[in-house]
Structure formats: C-alpha cells, structure tokens
Amino acid sequence: MPLVPMKQILDEAAKGGYGVPHFNVNNMEQAQAIMRAAEKVSSPVIMAASRGALKYSDLIYLKHIMFASAEKYPRIPLALHLDHGNSLETIKTAISLGFTSVMIDGSLKEDGKTPTSFEENVAVTRQVVEYAHPFGVTVEGELGCLGGIEDGVGSGHSKLTDPNQVEEFLKLTGVDALAVAIGTSHGAYKFKIKPDPEKNLLAMDIIKSIHKKCPQLHMVMHGSSSVPSELIAEINKYGGKMAPTYGVPLWAIKEGIAAGVRKINVDTDLRLAVTATVRKYFHDNPDKFDPRDYLTPARDAMQKIIEERFVAFGSAGHAFDYKPMTLEDAKKFYRH
Ligand code: G3H
Ligand code: 13P
Ligand code: ZN
C-alpha cells in the first residue's frame with residue numbers, strides 16, 4: 001500500500017513546481033470521490049481528517065475508510081494527514097491509527113481558539129516533531145493565525161505570519177511544512193466582495209518574502225476553498241439560505257503556488273458540492289428516500305471539483321513520477 005509520508009509528496013511537488021490539494025474527509029463518499037478523481041487524473045493525494053472528523057467517525061470507521069482508499073488504489077501515493085492537531089495527545093492518537101502526517105496547530109492553545117505566544121508555539125511544535133519523526137511521520141506547523149483580512153470574515157484572532165520569525169521557527173522546531181496566515185479564513189464566508197485580480201486579495205508579499213528567506217520550506221495555504229458562486233446559487237435556488245460570499249479564487253492560489261506554496265487545504269468546497277446536489281435532488285425527486293440515490297450524484301459532484309483542483313494546482317499527471325517512500329525510509333531520513 002503506497003501510504004507515503006506527506007513530506008515525499010511535498011518534496012516532489014517542490015521539484016516539479018506544482019501544488020497539491022489537501023482534501024478533508026469525514027465519510028466513505030468523500031474518500032471515494034477523492035480517490036476516483038486522483039486515479040482519473042493521476043495525482044498524488046493528501047487525505048486529511050480533522051479532530052471533528054475523527055470524533056464523528058468514532059476514529060475507527062474513518063481509519064478503515066482511509067486505509068481502504070490505499071488498498072483499492074495501490075498505485076496512487078497517498079498521505080493520511082491529521083488536520084489541526086491541538087495537542088501531543090491528539091498527535092499520538094493519529095500516529096497510533098496509522099497517519100503518515102500530522103499537523104500541530106501551535107498557533108492556538110489546546111482549546112483551538114486562544115492564540116499562543118511564539119515561545120509556546122515553538123515548545124508544543126518541537127515536542128510533536130520529536131515524537132513524530134522517529135515514526136517517519138511528517139509534521140506541519142503553523143505560524144500566525146488564520147482569519148480575515150479587510151473584507152474577510154475571520155475568527156477574530158487573525159494574525160498574519162511574520163516572515164522574520166520563520167527561519168527561527170524552523171530552526172527551533174524542525175517542521176517539514178508550515179501553514180502561513182496570509183488573509184484566508186476557514187469556512188464559506190471568506191470575502192464579502194468579489195475578489196478582483198487587479199487588487200491585492202491575499203498578502204502574497206509574505207509568501208514571497210518567506211520563500212526568499214527559506215527556499216526549501218513547503219508552505220501551506222489553509223482556508224483555500226474557492227466557494228464557487230454556482231454552488232451557492234444552487235443551494236439558495238433549492239431552499240438554502242446562504243448569505244452572499246466569495247472564496248479564494250484559483251488565480252490567487254496559483255499565484256501562491258508560483259511563489260512557493262506546496263499544499264492547499266480544501267474542505268468547504270466539497271461540503272458545498274454535496275449540499276447543492278442533495279438539495280436539488282430532493283427538489284426534483286420528492287418521492288425518493290434511498291440514500292444511495294442522492295449520495296451517488298453528490299459523490300460525483302465532489303469528484304468533479306476535486307479533479308478540477310488537481311488540474312488547477314498542477315498535481316495532475318504526477319502520481320507516477322516517483323517511487324513511493326515508506327515510513328521506514330522516512331525514519332532513516334530523520335535519523336541522519
Ligand atoms: O480546518 C478546518 C477544516 O475545514 C475541518 O473542519 O473541524 O469542521 O471538521 P471541521
Ligand atoms: P476551507 O474551509 O477553505 O475549505 O479550508 C479548509 C482547511 O483549511 C482545512 O484545514
Ligand atoms: Zn485549516
């Protein structure tokens with residue numbers, strides 16, 4: 001089973017100058033949509049589970065769905081990633097489940113809400129690296145707090161990444177990848193005004209400056225759903241009540257990739273695709289009640305978005321460029 005450390009997928013992406021989407025999963029249909037899309041366009045895969053996803057699935061269901069993905073598609077390089085780990089305990093759980101990559105979001109305290117100091121972030125991130133690397137497991141950290149910028153809707157704790165802190169953070173922690181805050185935010189409500197390619201939407205200067213100082217670093221863009229307006233329109237047409245909103249356009253993500261971003265996190269777009277499809281399905285077929293009837297088109301709708309992202313970020317066509325690395329190989333790498 002080509003369960004690879006995420007570091008390999010990102011190292012290869014850096015060599016090839018492309019980005020790789022990270023997709024969140026909570027259930028079988030999402031995992032199937034991702035793997036079907038990856039097989040179709042030959043892309044490596046980063047499949048991520050949040051703490052919420054693990055709780056929703058009693059850990060064990062999601063674990064086996066993720067492992068089933070690897071078993072059914074043995075040729076696709078697949079990293080199983082913990083999204084927004086909040087403590088060493090959560091990291092230990094993920095590694096014991098067989099994840100090949102973990103994120104420790106040390107920018108926030110264990111409650112996932114309160115911002116930490118630089119020193120607190122370094123301390124917990126370092127602990128996680130010391131624990132994870134001997135297993136060959138990749139570690140993603142975070143510096144700065146995600147949130148809105150100007151027109152965006154943020155967590156209330158938005159703090160853009162300070163490029164001057166990055167080198168020190170990398171030296172003190174040893175992380176393999178770093179989530180940077182450049183003005184994106186999680187969820188569907190990112191920007192109230194339609195992003196204009198002529199105006200600065202995100203703080204790309206931060207990405208460029210970090211890349212200049214630390215060219216080897218794999219930067220990660222969280223909160224990078226594009227929130228397609230046709231999906232919002234479809235949801236509202238069939239009974240939804242979503243307020244007008246805009247996401248991160250593909251042109252902004254491509255700008256990030258050109259400047260050194262290697263991993264782009266997408267969750268909300270898949271949620272919107274499912275909801276739009278199911279709402280329309282129920283409207284058009286009020287007599288239907290078999291979940292397979294409406295989950296089949298919902299899965300297809302997710303697959304379509306996923307394929308589009310693999311192509312747009314440039315990972316399509318790269319699944320078979322390299323020999324998948326095992327965690328054993330990665331263990332040796334970290335020992336040196
Ligand atoms: O980072 C946030 C992801 O979209 C996961 O969201 O915690 O609701 O599963 P969740
Ligand atoms: P979106 O809410 O924009 O999809 O972001 C997801 C994410 O960053 C997961 O870590
Ligand atoms: Zn995130």
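Is Gly-247 buried or exposed, and how many other C-beta atoms lie within 10 Å? Gly-247 is buried, because 28 other C-beta atoms lie within 10 Å; a residue counts as buried if 20 or more other C-beta atoms lie within 10 Å of its own, as exposed if 12 or fewer, and as partly exposed in between, with C-beta atoms placed from the backbone.

The views below show a predicted model, in which local features need pLDDT of at least 70 and side-chain atom pairs count only at pLDDT 80 or more, while totals for chains, interfaces and linings use all residues. Residues are numbered from 1 along each chain as its sequence is written, and chains are lettered from A and ligands numbered from 1 in the order in which they are written.

**View 1. Gly-247 in the loop between helix 9 and helix 10.** Helix 9 covers residues 229-237 and helix 10 residues 250-258; helices (H or I, at least four residues) and strands (E, at least two) are DSSP runs, numbered from the N terminus. Not counting residues up to four places away in sequence, Gly-247 touches Lys-190, Ser-225, Ser-226 and Val-227, where a contact requires C-beta atoms, placed from the backbone, within 7 Å. Gly-247 and Ala-258 are 11 residues apart along the chain, and their C-alpha atoms are separated by 19 Å.

**View 2. The shell around ligand 1.** Asn-24, Ser-50, Gly-52, Ala-53, Asp-83, His-84, His-186 and Asp-267 surround this ligand; a residue is near a molecule if its C-beta atom, placed from the backbone, lies within 6 Å of it. At least two residues of the shell come from helix 3 (51-56), and at least two from strand 3 (78-85). The shell comprises one nonpolar, five polar and two charged residues. In this classification Ala, Val, Leu, Ile, Met, Phe, Trp, Tyr, Cys and Pro count as nonpolar, Asp, Glu, Lys and Arg as charged, and the others, Gly among them, as polar.

**View 3. His-84 in strand 3.** Most residues other than glycine have a negative phi. The phi of His-84, however, is positive, near 50 degrees. His-84 is classed as buried because 24 other C-beta atoms lie within 10 Å. This residue also belongs to the shell around ligand 1.

**View 4. The shell around ligand 2.** Ligand 2 is surrounded by 13 residues, the closest being His-222, Ser-225, Asn-265, Asp-267 and Thr-268. Strand 3 and strand 8 each contribute at least two residues to this shell. Its residues divide by class into one nonpolar, 10 polar and two charged. Asp-267 is also listed around ligand 1.

**View 5. Helix 11 (residues 268-284) and its surroundings.** The 17 residues of helix 11 should span 24 Å at 1.5 Å a residue, and the end C-alpha atoms are 24 Å apart, so the two values agree; the expected span is 1.5 Å times one less than the number of residues. Among its buried residues are Thr-268, Asp-269, Leu-270 and Leu-272. The elements that cover the buried residues include strand 1 (20-24), helix 2 (28-41), helix 9, strand 8 (261-266) and helix 12 (291-313).

**View 6. The packing of helix 11 with helix 12.** The two helices pack at an angle of about 145 degrees, with their axes 8 Å apart. Axes are lines fitted to C-alpha atoms, for helices over the stretch in contact, and angles run from 0 to 180 degrees between N-to-C directions. Residues of helix 11 in this contact include Leu-270, Val-274, Tyr-281 and Phe-282, and those of helix 12 include Tyr-294, Pro-297, Met-302 and Ile-305. By class, the contact has 13 nonpolar residues, one polar and one charged.

**View 7. Helix 2 and the loop that follows.** Helix 2 has 14 residues, for which 20 Å is expected at 1.5 Å a residue; its end C-alpha atoms are 20 Å apart, which agrees. The buried residues of helix 2 pack against strand 1, strand 2 (45-50), helix 4 (60-72), helix 11 and helix 12. Among these buried residues are Glu-29, Gln-30, Ile-34 and Met-35. Ser-42 lies in the loop between helix 2 and strand 2 and has a positive phi of about 55 degrees although it is not a glycine. Ser-42 counts as partly exposed because it has 16 C-beta neighbours inside 10 Å.

Definitions and conventions: Contact = placed C-beta atoms within 7 Å.
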